[in-house]
2 protein chains.
Amino acid sequence: MIRMFEARLKVYSSATTDFLRDYMESRNDIPQQLRSSMLYSLMAGGKRLRPALCMASCEMLGKERVNALPFAAALEMIHTYSLIHDDLPAMDNDDFRRGKPSNHKAFGEAMAILAGDALLNTAFELASFNCKTVDDIKAMQYLAKAAGASGMIAGQVMDIDAENEVYPSPDPSESLVMIHEKKTGELLTVGIMCGAIIAGADEQTLTALKRFGLKFGLLFQITDDILDAVGDFKSLGKTIGKDNATSKLTYVSLYGVDEARERASAIAEDAKRTLGELPYDTSFFSGLMDFTLSRTW
Amino acid sequence: MIRMFEARLKVYSSATTDFLRDYMESRNDIPQQLRSSMLYSLMAGGKRLRPALCMASCEMLGKERVNALPFAAALEMIHTYSLIHDDLPAMDNDDFRRGKPSNHKAFGEAMAILAGDALLNTAFELASFNCKTVDDIKAMQYLAKAAGASGMIAGQVMDIDAENEVYPSPDPSESLVMIHEKKTGELLTVGIMCGAIIAGADEQTLTALKRFGLKFGLLFQITDDILDAVGDFKSLGKTIGKDNATSKLTYVSLYGVDEARERASAIAEDAKRTLGELPYDTSFFSGLMDFTLSRTW
């Protein structure tokens, strides 16, 4: 199951990388240094998880993945811009990302701010120029909402607050879910939903996919926290133990590694049950659950 | 002429301010501090020039301004985000904007970065949720392109390069036109074009409006440079003489105040001739030329 999943992930990942490279190369109307800075982070070796989710759900509903590709690439641009801005000295102040100097270390702060802005804007440029149907407009609306001030950016704000020990809820475990649902869960979820919307999904399917997506987002974050606690720099390519150093609220700091692992397994099972409600071949997504549980990246 | 223009500008400006306030108040799904930071800059007393251009061109083509209002507000959000990010220490490092502490001075750098990101994203959220027709999609495409990596952001990159004495052309006057066309001209122009697109303008009209818009953008920049050289802090609300202090390439540093004024008059006349090609009531836009020539803000 995991090997089949990995093979498909690789196909989606390559398709995304090729599309992003071709698209950026075609954009010779962008100043050279800005384009280099954008490309540097786009080509820093991301797993292309969000684009993969988008293409997989599009295929699951019977439409060719190429229909979802521009939206998939837009998702990756939004994810990438958020990493660039997150790494800035005024934010997380991270010098490394995916084993390479972070964007502002390579291009300077001003260019990193602008490259982030440019990637966010280009995502909408790409999406809007690929709006042909009512479903495409709907996908763009979902994308804009999930990435925005009440979605991913809200999560970043909550994350900063949490570092100052200001939490969205008095209950730490509730705070953790809220922060991560916003910060990573919504964009992952909207990837799955956008692919389905482009393929003409009905509301019932979208509701189920949303529930699945949020569970996957949670699983992804728990495994991320575990990796941060037990992983090593080499396989993660970023500064490790940072969460602990800043006494950050994480699943590991809250529950310890063992209980965090148990919770991850339970959520993965729960998410698979949600997939069972869908009258489609959901093997990619159940493979994703197993893969995430065993991830080392 | 100028008084009629000012009265209409006021109507458009109030409509924009009301819309932005109501919209942001309705967005109680945005974390409170982020919303405050976004509103702080949105309500800092901007002239709402871009929204006014958008509504005026929509009305010029015979459609009610309310149809252009969401796009007009989106334009203002994009303009506002660009000011917030421009003022950051890593960029222009400006402590004041419109007579008030700049966003990062009031809310801290991290929140200013996120508020800028959020305004850019919210602009596309607003625009996409108001896409009902093919013309609306087209307006959004124009907006995304003008604000993006080959539009306004390209201008910001060129502007930073120019501060390091790296210019897009060996000819200083050509460099100046190129930088400002990108940095301010395209977004002003696209405001005019979007209003017309929403009102169903044909290609010939759009071409003429684009030519007019770029001339107006140039005029706006020249008068901006003159104001920076001769204005005072009170009427401008920002640090004055900054261009000179950093020996920046401006119309005044290149030609001196008197010749810059002559050039401004000539461009205003030229822009009015372009308006003469249009079979519509262009009085708002010709009033805008006179108003810009005599501006003190």
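Colleague: What makes the set around A:Leu34, A:Ile78 and A:Phe285 a nonpolar core?

Modeller: In this predicted model, a nonpolar core is a set of buried nonpolar residues joined through side-chain atoms within 4.5 Å. The largest such set has 192 residues. Those with the most contacts inside it are A:Leu34, A:Ile78 and A:Phe285, together with B:Leu34, B:Ile78 and B:Phe285. In soluble globular proteins, nonpolar side chains tend to be buried together.

Colleague: Which residues does A:Phe285 touch?

Modeller: Not counting residues up to four places away in sequence, A:Phe285 touches A:Leu53, A:Ala56, A:Ser57, A:Met60, A:Ile192, A:Phe212 and A:Leu275.

Colleague: How do you know how chain A and chain B are related?

Modeller: A turn of 180 degrees, with a shift of 0.0 Å along the axis, lays chain A on chain B with an RMSD of 0.0 Å. The two copies are therefore related as by a two-fold rotation axis.

Colleague: Why do you say that the copies meet through the same surface?

Modeller: Because 100% of the interface residues of chain A are also interface residues in chain B. In numbers, 42 residues of chain A are in contact with 42 residues of chain B. The area buried between the two chains is about 3600 Å², and carbon and sulfur atoms give 72% of this area. On the side of chain A, A:Leu114, A:Asn121 and A:Ala149 lose the most area to chain B, together 15% of what that side buries.

Colleague: What makes the pair B:Asp29 and A:Lys145 a salt bridge?

Modeller: The limit between a side-chain nitrogen of Lys or Arg and a carboxyl oxygen of Asp or Glu is 4 Å. For B:Asp29 and A:Lys145 the N to O distance is 2.7 Å, so the pair qualifies. The rule finds two salt bridges across the interface of chain A and chain B, and twelve residue pairs there are in polar contact.

Colleague: Which elements of chain A give two or more residues to the side that touches chain B?

Modeller: They are α2 (32–42), α4 (69–87), α6 (109–129), α7 (134–147) and α8 (152–163) of chain A. Of these, α6(A) gives the most, with 14 residues.

Colleague: Why is B:Ser150 called buried?

Modeller: Its relative accessible area is 4%, and buried means under 20%, so B:Ser150 is buried. B:Ser150 lies in the loop between α7 (134–147) and α8 (152–163) of chain B. Leaving aside neighbours within four places in sequence, B:Ser150 is in contact with residues of both chains, including A:Arg27, A:Asp29, B:Lys145 and B:Glu186.

Colleague: What makes B:Ser150 and A:Arg27 a polar contact?

Modeller: The two side chains are joined at 3.1 Å, and the cut-off is 3.5 Å. The side chain of B:Ser150 also makes a polar contact with the side chain of B:Lys145, at 3.1 Å.

Colleague: How do you know that A:Asp270 and A:Lys215 form a salt bridge?

Modeller: Their closest N and O atoms are 3.5 Å apart, and the limit is 4 Å. This pair links distant parts of the chain, with A:Asp270 in helix α14 (residues 257–276) and A:Lys215 in helix α10 (residues 203–230) of chain A, 55 residues apart.

Colleague: Are A:Asp270 and A:Lys215 buried or partly exposed?

Modeller: A:Asp270, at 28%, lies between the limits of 20% and 50%, so it counts as partly exposed. A:Lys215, at 19%, is under 20% and therefore buried.

Colleague: What holds for the salt bridge of B:Asp86 with B:Lys183?

Modeller: The closest N and O atoms are 3.6 Å apart. B:Asp86 lies in helix α4 (residues 69–87) and B:Lys183 in helix α9 (residues 172–198) of chain B, so the pair ties together parts that are 97 residues apart in sequence. Both B:Asp86 and B:Lys183 are buried.

Colleague: What is notable about phi of A:Arg48?

Modeller: Most residues other than glycine have a negative phi. For A:Arg48, phi is near 60 degrees, a positive value. A:Arg48 is in the loop between α2 and α3 (49–60) of chain A, and at 3% relative accessibility it counts as buried.

Colleague: Why is B:Glu165 called exposed?

Modeller: Its relative accessibility is 59%, and exposed means over 50%, so B:Glu165 counts as exposed. B:Glu165 lies in the loop between α8 and α9 of chain B, and its phi is also positive, near 60 degrees.

How values were computed. Residues numbered from 1 in each chain as written. Chains lettered and ligands numbered in written order. Predicted model: local features only at pLDDT ≥ 70, side-chain atom pairs only at ≥ 80, totals over all residues. Heavy atoms only, no water. Least-squares fit on C-alpha atoms with pLDDT ≥ 70 in both. Contact = heavy atoms within 4.5 Å. Buried < 20%, exposed > 50% of the residue type's maximum accessible area, 1.4 Å probe, protein only. Buried area = accessible area lost by both parts, 1.4 Å probe. Polar contact = N/O pair within 3.5 Å; in protein donor to acceptor, adjacent residues only side chain to side chain. Helix = DSSP H or I, 4+ residues; strand = E, 2+ residues; numbered from the N terminus.
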